[in-house]
Amino acid sequence: MEMNNRRPPGTQADGVLVKTHPALCLGWGNCHRFGPTVYPLDADGKVDVHRLAVPPEHVEDAWMGAAACPERAITVIGQRTHSHTHDR
Ligand code: SF4
């Protein structure tokens with residue numbers, strides 16, 4: 001069977017929605033450090049995304065970044081994947 005990085009729909013979380021709360025963000029940058037594919041920072045070092053649909057391949061970054069935020073300024077809506085497989 002052929003392996004690739006794209007999982008068929010339904011076998012993993014189908015992506016999540018990320019919402020940030022700029023009023024809470026103090027610019028720690030942890031979200032970007034732990035979830036660089038999902039959370040860009042602006043010139044002030046604050047999270048530079050407000051609402052974002054995150055594709056399945058970046059869901060773990062979405063959760064990691066949100067969990068790392070000391071201000072709880074990030075809400076992730078959706079399912080968390082639990083697998084830590086390394087596709088290759
Ligand atoms: S970790 Fe939280 S407080 Fe820090 S930049 Fe990201 S959203 Fe803002």
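Three strands form an open sheet in the order β2-β1-β3, and their pairing is antiparallel. The edge strands are β2 and β3, each pairing on one side only. On average, neighbouring strands of this sheet are turned by 20 degrees against each other, direction ignored. Keep in mind that you are looking at a predicted model.

**The overall plan**

- The protein chain contains two helices and three strands.
- If you start at the N terminus and walk along the chain, you meet the elements as β-α-β-α-β.
- Of the 88 residues in the protein chain, buried ones make up 25%.
- Take the contacts between residues at least 6 apart in sequence: 69% of them join residues at least 24 apart.

**How the strands pair**

- Strand β1 pairs with β2 in the antiparallel sense over four bridges.
- Two examples help you find this pairing: V16 has V54 in β2 as its bridge partner, and L17 has A53 in β2.
- Strands β1 and β3 also pair in the antiparallel sense, over four bridges.
- On this side, T20 stands opposite I74 in β3.
- What do the two faces of β1 look like? V16, V18 and T20 make up the covered face, while L17 and K19 make up the uncovered one.

**A closer look at L52**

- L52 sits in strand β2.
- Is L52 buried or exposed, or something in between? L52 counts as partly exposed because it has 16 C-beta neighbours inside 10 Å, and a buried residue would need 20 or more.
- Leaving aside neighbours within four places in sequence, L52 is in contact with V18 and V38.
- L52 and V16 are 36 residues apart in sequence, and their C-alpha atoms are 8.4 Å apart in space.

**Helix α2 across the sheet**

- Helix α2 lies across β1, β2 and β3, and runs at about 145 degrees to β3.
- Which residues of α2 (residues 59–68) are buried? They are V59, E60, A62, W63, G65 and A66.
- An α-helix has 3.6 residues a turn, so residues three or four places apart point the same way.
- You can look for that spacing in the buried residues of α2, which include V59, A62, W63 and A66.
- The cover over the buried residues of α2 includes β1 (16–20), α1 (30–34), β2 (51–54) and β3 (74–77).
- A62 is a good residue to click on: not counting residues up to four places away in sequence, A62 touches V16, V18, G35, V38, V54 and V76.

**The nonpolar core**

- In soluble globular proteins, nonpolar side chains tend to be buried together.
- In this model, the largest nonpolar core has 16 residues, and those touching the most other members are V18, A62, A66, I74 and V76.
- At least two residues of this core come from each of β1, α2 and β3.
- Which element gives the most to this core? Helix α2 does, with four residues.

**Around the ligand**

- How many residues surround the ligand? There are 14, and the closest are C25, W28, N30, C31 and C69.
- The shell around the ligand divides into eight nonpolar, four polar and two charged residues.

Terms used:
Residues numbered from 1 in each chain as written. Predicted model: local features only at pLDDT ≥ 70, side-chain atom pairs only at ≥ 80, totals over all residues. Near = placed C-beta within 6 Å. Nonpolar A, V, L, I, M, F, W, Y, C, P; charged D, E, K, R; others polar. Buried ≥ 20, exposed ≤ 12 C-beta atoms within 10 Å, placed from the backbone. Contact = placed C-beta atoms within 7 Å. Pairing = 2+ DSSP bridges. Axes fitted to C-alpha atoms, helices over the stretch in contact; angles between N-to-C directions. Core = buried A, V, L, I, M, F, W, Y, C linked by C-beta atoms within 7 Å.
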